[in-house]
Amino acid sequence: MYQINFNTPIHVHFIGIGGISMSGLAQLLIEKGFAVSGSDAKKSPLTQHLVSMGAKINYPQMASNIDDSIDLVVYTAAIAQDNPEFTAAAGKKIPLMTRASLLGQIMKNYKMPIAVSGTHGKTTTTAMTTQIMVMAHADPAAVIGGKLPLIDAYGRYGTGREIVVEACEYSNTFLHLVPYISVLLNVDADHLEFFKTMENLEESFRKFALLTTHTVIANLDDANTVKVIHNLDRHIRTIGIDTPADYRAVHVREYRPSFFCFDVQVLGVPAVHIELSVPGRHNVYNALAAFACATMSGCTADECARGINAFRGAGRRFEFLGEVNGVTIADDYAHHPTELEATLRAAKEMDYKRVWAVFQPFTYTRTQMLLDDFARVLQIADKVVMTEIMGSRERAEDYAVRTKDLAAKVPGSVWYDTFDEVVD
């Protein structure tokens with residue numbers, strides 16, 4: 001396999017450079033002195049930001065974008081083998097590498113790679129850990145699935161020992177990583193169109209944990225995570241609220257509606273008090289995981305508290321966009337019933353007259369498999385408006401399920417084909 005060495009920068013071309021995960025990697029390489037080019041279907045704020053940093057980006061994807069100056073072509077699992085740029089690169093015998101493989105290669109350039117996994121909370125925990133370290137002047141590298149306002153980016157190059165990355169389980173992409181510290185936040189039924197069964201999903205997380213070279217940080221309150229780490233041949237540290245974990249949150253309470261504060265105990269010894277600036281009890285677990293990662297890398301408890309208290313979320317993770325005529329608008333990427341439930345319950349606990357859920361189902365398979373769960377949690381909101389299913393990597397003609405099937409199970413909800421109708 002092609003080896004990425006930070007001491008010898010090369011020309012890397014990204015097919016679909018405007019994707020969140022791809023753009024984070026591209027930014028990191030640009031900051032390290034690599035020549036970066038790429039292509040995408042259309043311009044976006046992400047691609048324009050990369051151009052401002054020095055990337056050369058073409059629209060759309062065409063074979064002519066692959067020239068002889070390119071040393072490596074990177075693509076995602078969503079890119080088909082008949083993609084014109086993929087075909088052109090293969091024809092020119094230019095090395096090809098998946099995004100996940102590139103991430104694994106980059107991590108090898110750091111002494112302390114940290115990978116955050118879990119069905120829910122990966123982006124927030126990765127961003128929170130990065131914020132702690134940056135504010136503590138540890139200068140980590142990072143690849144995050146949402147924009148971190150502190151760095152105004154999805155990724156950064158750092159000169160420190162650490163790189164903090166989001167480790168996604170879809171298509172087993174996280175099995176390309178070899179973390180020094182890994183985090184298992186939770187294991188919930190998702191991507192079953194790929195994994196088929198919960199047993200296969202749990203086994204994949206177990207394989208990921210076994211790739212860890214130093215410590216696995218696991219959520220002791222999550223039953224499926226406990227199954228994954230049972231008899232695991234690795235050094236394990238646990239986080240929890242309801243169980244006597246190594247890193248435990250005690251005296252957990254709301255200090256204002258839906259915003260929690262708590263005391264951290266490490267191995268039973270009081271460490272520090274934390275007041276979250278992001279809503280929802282689920283973020284207590286994310287904060288505990290970030291605290292554990294950061295202290296293992298050398299940050300003090302006070303530095304952790306300072307970074308966590310200052311953290312106001314990553315992009316599209318209960319991100320407050322503003323207020324218009326007395327209506328507060330927030331954006332959240334929640335696309336699984338468990339995430340949707342956490343978001344809507346947090347919103348309902350705040351001091352608002354009504355909560356409107358404007359929901360776009362993400363994939364046909366997830367909507368079909370979890371239809372009843374989506375219907376149940378959407379009813380937490382006072383009003384529900386839905387769009388047609390986005391589809392993402394899936395084609396509508398391959399599936400029978402539609403948003404109307406979900407709407408039929410949510411009393412009083414409405415759905416529309418277009419965003420303009422939703423707005424109206």
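1. A residue is called buried when its relative accessible area is under 20%, exposed when that area is over 50%, and partly exposed in between. With that in hand, welcome to this structure, which is a predicted model. Asn172 makes a good starting example: its relative accessible area is 24%, so Asn172 counts as partly exposed.

2. Let us stay with Asn172 for a moment. Its home is the loop between β9 and β10. Although Asn172 is not a glycine, it has a positive phi of about 60 degrees. Another asparagine to look at is Asn231, which also is not a glycine and has a positive phi of about 60 degrees. You will find Asn231 in the loop between α8 (223–229) and β12. At 63% relative accessibility, Asn231 is exposed.

3. The loop between β9 (162–166) and β10 (181–184) also holds Val178. Val178 has a relative accessibility of 40%, so it is partly exposed. In sequence, Val178 and Ala115 are 63 residues apart, yet their C-alpha atoms are 8.3 Å apart in space. It is a pleasant pair to click on if you want to see how the chain folds back.4. Next comes the backbone at Pro60. Tyr59 and Pro60 are joined by a cis peptide bond, with omega at about -10 degrees. Pro60 sits in the loop between β3 (56–58) and β4 (72–75).

5. Which helix is largely enclosed by the rest of the structure? Helix α4 (residues 99–107) is, because nine of its nine residues are buried. Among them are Arg99, Ser101 and Gln105, together with Leu102, Leu103, Ile106 and Met107.

6. The surface has a nonpolar patch, formed by Leu321, Val324, Val327 and Ile329. Together these residues have about 340 Å² of accessible area. Strands β16 (319–324) and β17 (327–331) each supply at least two residues of the patch. Val327 belongs to strand β17, and a relative accessibility of 46% makes Val327 partly exposed.

7. There is a charged patch to look at as well. Asp417, Asp420, Glu421 and Asp424 gather on the surface as a patch of negative charge. One of them, Asp420, is in helix α15 (residues 419–423). With 60% relative accessibility, Asp420 counts as exposed.

8. Now for charges that pair up. Side chains of opposite charge can pair when their charged atoms come close. How many salt bridges does the structure hold? The count is 17. One of the pairs is Glu162 with Arg161, at 3.4 Å from N to O. Glu162 is buried at 3% relative accessibility, whereas Arg161, at 40%, is partly exposed.

9. Another salt bridge brings together the side chains of Arg281 and Asp242, at 3.6 Å from N to O. Arg281 is in the loop between β15 (269–275) and α9 (282–296), and Asp242 is in the loop between β12 (235–240) and β13 (247–256), so this pair ties together parts that are 39 residues apart in sequence. Arg281 is partly exposed, with 35% relative accessibility, while Asp242 is exposed at 55%.

10. Two further places are worth a visit for their salt bridges. The side chains of Arg395 and Asp398 meet at 3.1 Å, N to O; Asp398 is partly exposed at 46% relative accessibility. Elsewhere, Glu341, Arg345, Asp373 and Arg376 are linked in a salt-bridge network.

11. Finally, a word on the cysteines. A disulfide is a covalent bond between the sulfur atoms of two cysteines. A search of the whole structure finds zero disulfides. Why does Cys168 not form a bond with Cys293? Two sulfur atoms must lie within 2.5 Å to count as a disulfide, and the sulfur of Cys168 is 17 Å from the closest cysteine sulfur, in Cys293, which is too far for a bond. For Cys293 the closest cysteine sulfur is in Cys304, and that distance of 9.5 Å is also too far for a bond. As for their surroundings, Cys168 is partly exposed, with a relative accessible area of 26%, whereas Cys293 is buried, with a relative accessible area of 0%.

Conventions:
Residues are numbered from 1 along each chain as its sequence is written. This is a predicted model: local features need pLDDT of at least 70, side-chain atom pairs count only at pLDDT 80 or more; totals for chains, interfaces and linings use all residues. Side-chain values use heavy atoms; hydrogens and water are left out. Patches are made of residues with over 30% relative accessible area and no salt bridge: like charges are joined within 9 Å, nonpolar side chains (Val, Leu, Ile, Met, Phe, Trp, Tyr) within 5 Å. Accessible areas come from the Shrake-Rupley method with a 1.4 Å probe; for residues, only the protein chains shown count as cover. A salt bridge is a side-chain nitrogen of Lys or Arg within 4 Å of a carboxyl oxygen of Asp or Glu. Lys and Arg count as positive and Asp and Glu as negative; His and the chain ends are not counted. The place of a charge is taken as NZ of Lys, CZ of Arg, CG of Asp or CD of Glu. Helices (H or I, at least four residues) and strands (E, at least two) are DSSP runs, numbered from the N terminus. Buried means under 20% relative accessible area, exposed over 50%, partly exposed in between (1.4 Å probe, protein chains only).
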